[in-house]
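Hi,

Here is the structure I said I would pass on. Have a look at it first, and my notes on what turned up are underneath.

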Amino acid sequence: MIHELSELGKTLRRQKSNNEWIHDALKSEPISIELVITEDGVFQRFELIEKKLTIAEAITAKKGKARLLLDKAEEVLCYGGEASKTKHELFLQKLDEYNNLRELAPVIAFYKNNKANGIEKALKEFEISISDEKNRKGNIGFRIQTDGYRIHEKPGVLKEVITKYEALQEKLLASKKRKCSLCGQSKYPVEDIPHGMIKKVPNGQSSGCALVSYNENAFESYSLKGNDNSSICTNCAKTYVEGLNWLLSIGNEIIIKNSKGKEKSAFRYTNRKNFGSDTAMVFWTRGNKELPEIDYLEAPNPEDVARLIESVTSGTEKDSRYLEPEQFYSFTLSGSAARIAIRDWIATSLYDFRKSIVQWFKDIAIKEYDGDLKNLRTHYAHLYDLARSCQRKNSDGSYDKDDVSLSRVAGYLWNAALKNTTLPLWLLTKVLQRARLDKYGVTADRAALIKIILNRHNKGGGFVITEKLEEGRKPVAYVCGQIFAKLESVQYAALGDLNAGIRERYFTYAMTLPSAALGRLFDLHSKHYTKLKNEKPGLAITLDKELQELCKDVGINNLPPTFTLEEKGQFAIGYYHQKQAQFKGAKSKENKEEA
Ligand SMILES: [Zn+2]
């Protein structure tokens, strides 16, 4: 995984190098204050600048280090008194290392010969003229009054930074000669230095988290110290950090409409999906290609899905890019204090990735009655809606934010979509529970989730659930679900919309103890039936005939006392399929009755 992240970092560097190339020794850093001095080191003024980026010395970790000529007020001015003394000392030491450069002469005078009119005056002025504490936090860089360049940006200074960096690398290499476990080369040294911080990790600290770190002796071996144990060279460390930071942050502004139709801009990650607030998934391909299929999972459009299924199943891959040996990668991560926890790792060919997504859509496809079309149409659930359909709700109908399982469920679903894996059965328990407690019952999303869970668990040629009402041989539990839907519609036809109809009161009972529950329900049914027969005799007879057919199929007097978890799922699907079919048939029956 780290190897592939490093490869991604290298690809990004190559792609970027068309317009700019930054040496490993240098890095782009923000600057917010210019400290203007004269040629002989006399302080002139501070100039606040809108946060801009500048090229400066690259340092891997801030702690115990100061950057050449560009740093915070603590380092540059010893702002903060005694507490900043060590930081300021480090800054001066760094200057000392470069004291042979003539570009630095004014700065050295500022700190030494012209101290009173230099650093001392500057510190006083800093506290007076920059009154806002917030403005005192940024990086400070030196500039000579008559000069356009900031001193740390002068070509001679940057060149010296590179020379020193390369000399150090060479020295380290000569002393160790260890092969990097990622690139297999000994071109760059393996060092016990932090690899760089990963930013924007969910639940991670804002200053960043480390992917590789050894903070206890217990994790070290072969008398190696700290990150020496990882055997990752400085170049691979840099590139994997860049790769992961890019994956976690890359995206673009998009315009979205809120529920009131008002437009506003929002940030959309292109290579990252958030699962709740504590987990995120990142994904990419070796060649850093776009992956529209991932967007389909989140917002499936039936035409796109149909085209995808067609191209993969017919084997006529017109789009040649999928025949290339391109690899797809993905993993889920969360922050825990200063570290990163990796939850899983997917590495697969782009072709298999596409095949998995096609299988996903086939498995979640389910027919739903469309009131506008007055017909059934295929419903492809949004992946996140499937996760949502298992989430607990508050009494006012809003989602319960304390139900932390959402991110876990979403994680399982992403894995199932990308790797074509089975889903855990506890998810079935959860979705059935929601179907029972939620006022919308077995929604299309819930039915889709039950369908994919059951079908992917069904390895031994058992009952395969399709998109719509089954014909032919069906399991008892499935037919019981149909009977339940039928009884519900007789009740509805007789009594109209009730506050708590039979689904609210008997769904779990019938799903758990079918024999006892259906006996009780048929007692109730005879009352509803008598009422309906007096009011709408035609409808009553049709419904009863259909009900009798189903009862015959299942041997109503020999129902099992209980259903297994899988059978409960079949019951819910039978109920759902029957209801969708009834919606479609309902109109014509009503019309007949009125005629
Ligand atoms: Zn390496």
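One cut-off before anything else: I call a residue buried when its relative accessible area is under 20%, exposed when it is over 50%, and partly exposed in between. Also keep in mind that this is a predicted model.

**Salt bridges**

As general background, side chains of opposite charge can pair when their charged atoms come close. In this model the count comes to 33 salt bridges, and a few of them deserve a look.

Start with R67 and E29, which form a salt bridge with their closest N and O atoms 3.4 Å apart. R67 sits in the loop between β2 (43-57) and β3 (70-71), while E29 belongs to strand β1 (residues 26-37), so the pair links parts of the chain 38 residues apart. Are the two partners buried or exposed? E29 has a relative accessible area of 11%, so it falls under the 20% cut-off and is buried. R67 is buried as well, at 5%.

Strand β1 also supplies E34, whose side chain meets that of R143 in a salt bridge at 2.7 Å, N to O. R143 is in strand β4 (residues 140-144), so this pair ties together parts that are 109 residues apart in sequence. Both ends are covered here too: R143 is buried at 11% relative accessibility, and E34 is buried at 7%.

Further along the chain, E488 and K579 make a salt bridge at 3.3 Å, N to O. This one connects helix α15 (residues 476-495), where E488 sits, with helix α19 (residues 565-594), where K579 sits, and the two residues are 91 apart. E488 is buried, with a relative accessible area of 13%, whereas K579 is partly exposed at 22%.

There is a network as well: salt bridges with shared partners join E34, R45, E47, R143, R150 and E153.

**The zinc site**

Which residues hold the zinc ion? Its protein donors are the SG atoms of C180, C183, C233 and C236, lying 2.3 Å from the ion. Along the chain they follow the spacing C-x2-C-x49-C-x2-C. C180 is in the loop between α6 (155-176) and α7, and C236 is in helix α7, 56 residues apart. Both of these cysteines are buried, C180 with a relative accessible area of 2% and C236 with 1%.

The arrangement is tetrahedral because the angles subtended by the 4 donor atoms run from 104 to 119°. For reference, the ideal angle for four tetrahedral donors is 109.5 degrees.

**A four-stranded sheet, with α7 across it**

Helix α7 (residues 234-249) comes up again here, since it lies across β7, β8 and β9 (327-336) and runs at about 110° to β8. Those strands are part of an open sheet of 4 strands in the order β7-β8-β9-β10, with antiparallel pairing. β7 (272-275) and β10 (339-349) are the edge strands, each with a single partner, so one side of each has no neighbour in the sheet. On average, neighbouring strands are turned by 20° against each other, direction ignored.

If you want to walk through the sheet, here are the pairings:

- β7 and strand β8 (residues 279-285) pair over 4 bridges, and K273 stands opposite M281 in β8.
- β8 and β9 pair over 6 bridges, with F283 opposite S330 in β9.
- β9 and β10 are joined by 10 bridges, and Q327 stands opposite S349 in β10.

β9 is mostly covered, with 8 of its 10 residues buried. The hairpin of β9 and β10 has 2 residues between the strands, and A337 there takes a positive phi near 55°.

**One more hairpin**

Strand β11 (residues 366-370) and strand β12 (residues 375-379) run antiparallel and are joined by 5 bridges. E368 stands opposite R377 in β12. β11 and β12 form a hairpin with 4 residues between them, and K374 in the turn has a positive phi of about 55°.

That's what I have for now. Shout if you want to go through any of it together.

Cheers

Key. Residues numbered from 1 in each chain as written. Predicted model: local features only at pLDDT ≥ 70, side-chain atom pairs only at ≥ 80, totals over all residues. Heavy atoms only, no water. Salt bridge = Lys/Arg side-chain N within 4 Å of Asp/Glu carboxyl O. Buried < 20%, exposed > 50% of the residue type's maximum accessible area, 1.4 Å probe, protein only. Pairing = 2+ DSSP bridges. Axes fitted to C-alpha atoms, helices over the stretch in contact; angles between N-to-C directions. Contact = heavy atoms within 4.5 Å. Donors = N, O, S within 2.8 Å, 3.2 Å for Na, K, Ca; no water. Tetrahedral: all angles 85-135°; square planar, octahedral: opposite > 155°, others 65-115°.
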